[in-house]
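Open the model in your viewer and keep the selection panel at hand. The stops below tell you what to select and what is there.

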Protein chains: 2
Amino acid sequence: MKEPNSPDSPLAELCRQRGLKLTGQRRTIAFVLSDSDDHPDVEELYRRAVEVDPRISIATVYRTVRLFEENGILQRRDFGGGRARYEVADGDQGDHYHLIDADSGRVIEFENTELDSLLAGIVRQMGYDLVTTRLSVVGRPKAKGGTRD
Amino acid sequence: MKEPNSPDSPLAELCRQRGLKLTGQRRTIAFVLSDSDDHPDVEELYRRAVEVDPRISIATVYRTVRLFEENGILQRRDFGGGRARYEVADGDQGDHYHLIDADSGRVIEFENTELDSLLAGIVRQMGYDLVTTRLSVVGRPKAKGGTRD
DNA sequence: TTGCAAATGATAATCTTTCTCATTATTGGG
DNA sequence: CCCAATAATGAGAAAGATTATCATTTGCAA
Ligand SMILES: [Mn+2]
Ligand SMILES: [Mn+2]
Ligand SMILES: [Zn+2]
Ligand SMILES: [Zn+2]
């Protein structure tokens with residue numbers, strides 16, 4: 001009765017590597033996260049998870065997301081709006097930042113090594129080692145070439 | 001019976017300039033804010049306001065802080081921890097940023113024009129005009145001169 | 001001084017997240 | 001394959017922050 005199941009998602013693999021018990025729900029949530037390339041909040045993750053396993057509970061989504069974050073698997077983001085949002089954690093090197101379109105609310109990611117090192121340098125100069133950078137910028141689309149829309 | 005009252009605080013003055021009705025409570029909260037040079041949350045503001053006027057309500061502090069923020073008098077900050085924190089809004093030019101000491105939680109302000117223009121340049125290059133920068137860094141004090149504690 | 005619109009105080013409601021606890025599932029070792 | 005130990009889950013209660021409601025009070029302009 002041990003059919004070769006669909007292979008675990010990258011995040012489920014990570015989950016096992018960290019020695020976390022790999023439950024069906026965690027597998028589901030890990031899959032949903034691996035499958036996402038945006039910044040869903042818990043409600044949205046729950047909606048996506050229910051598509052895969054209708055018996056999952058939102059309490060478990062909250063718990064799992066916290067567990068994954070504590071284990072460096074997920075990153076919590078705060079774009080305002082009162083709910084935490086999540087995405088798969090960046091690798092060891094490239095952190096990334098977020099530009100929020102003031103009109104549409106769309107989140108646009110960017111990287112910038114000059115920004116990385118400038119920030120690190122500033123805090124070093126203040127006598128600290130940089131632990132976390134929490135940065136997001138809000139911008140309004142430049143009106144170029146006249147005022148037509 | 002109209003004794004020359006103690007002069008209004010800078011923020012109360014701003015309040016009047018914006019055409020906001022200047023109530024006793026707003027005067028009190030404006031005074032408390034003008035008097036603060038840290039980043040109090042609403043509970044803390046309420047505590048300080050009660051010292052001045054014991055009849056003030058926390059609902060009014062919430063309302064006033066929101067009103068002041070909507071009118072550009074206050075800036076809301078989010079340092080994590082689930083409660084909004086407030087400080088008098090910067091003038092037109094120099095925005096400032098925050099370094100949070102990971103050990104003590106202390107908030108240290110800093111300015112950096114290179115950072116200002118780098119951020120503005122990045123978002124411009126992405127086709128946007130910078131509206132708001134939300135930036136705080138968490139740092140751990142550098143252990144210098146050996147590993148002794 | 002009066003009147004009216006707006007603000008206040010008290011408290012209920014809302015919203016997100018965490019906690020509780022009885023039930024269920026995972027996993028390592030027989 | 002089965003058991004026991006242990007941890008995770010589901011449902012709902014609870015917590016914590018903020019906003020809404022509404023009767024009463026107040027600021028302010030006429
Ligand atoms: Mn927040
Ligand atoms: Mn500078
Ligand atoms: Zn991202
Ligand atoms: Zn500040």
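Select domain 1 and domain 2 of chain A: their centres, taken over C-alpha atoms, are 24 Å apart. Domain 1 spans 8-86 and domain 2 spans 95-137; such bounds come from an automatic or database domain assignment.

A word on conventions: this is a predicted model, in which local features need pLDDT of at least 70, side-chain atom pairs count only at pLDDT 80 or more, and totals for chains, interfaces and linings use all residues. Residues are numbered from 1 along each chain as its sequence is written, chains are lettered from A and ligands numbered from 1 in the order in which they are written, and side-chain values use heavy atoms, with hydrogens and water left out.

**Stop 1: between the domains**

Stay in chain A. The contact (heavy atoms within 4.5 Å) draws six residues from domain 1 and seven residues from domain 2. Together the two domains bury about 500 Å², 52% of it on carbon and sulfur atoms. Buried area here is the accessible area (1.4 Å probe) that two parts lose on being put together, summed over both.

Now pick His39(A), Arg77(A) and Phe79(A). In domain 1 they lose the most area to domain 2, together 79% of what that side buries.

How many salt bridges are there between domain 1 of chain A and domain 2 of chain A? The count is zero, taking a side-chain nitrogen of Lys or Arg within 4 Å of a carboxyl oxygen of Asp or Glu. Two residue pairs across this interface are in polar contact, both at pLDDT 80 or more. A polar contact is a pair of N or O atoms within 3.5 Å; within protein, one must be able to donate a hydrogen and the other to accept it, and residues adjacent in sequence count only if both atoms are side-chain atoms.

**Stop 2: DNA strand D**

Select strand D and the residues near it (a heavy atom within 4 Å). There are 19, the closest being Thr23(A), Gln25(A), Thr60(A), Arg63(A) and Arg83(B). Of the strand's atoms within 4 Å of the protein, 76% belong to sugar or phosphate.

Zoom in on these pairs:

- Lys21(A): a side-chain N or O atom is 3.2 Å from a sugar or linking oxygen of strand D.
- Ser57(A): a backbone N or O atom lies 3.1 Å from a phosphate oxygen of strand D.
- Ala84(B): a polar backbone atom is 2.9 Å from a phosphate oxygen of strand D.

**Stop 3: the two copies**

Show chains A and B. A turn of 179° and a shift of 0.0 Å along the axis lay chain A on chain B with an RMSD of 0.1 Å. The copies are superposed by least squares on the C-alpha atoms of residues with pLDDT of at least 70 in both. The two are thus related as by a two-fold rotation axis. Finish on Leu135(A): in chain A, its C-alpha is the nearest to the axis, at 2.2 Å.
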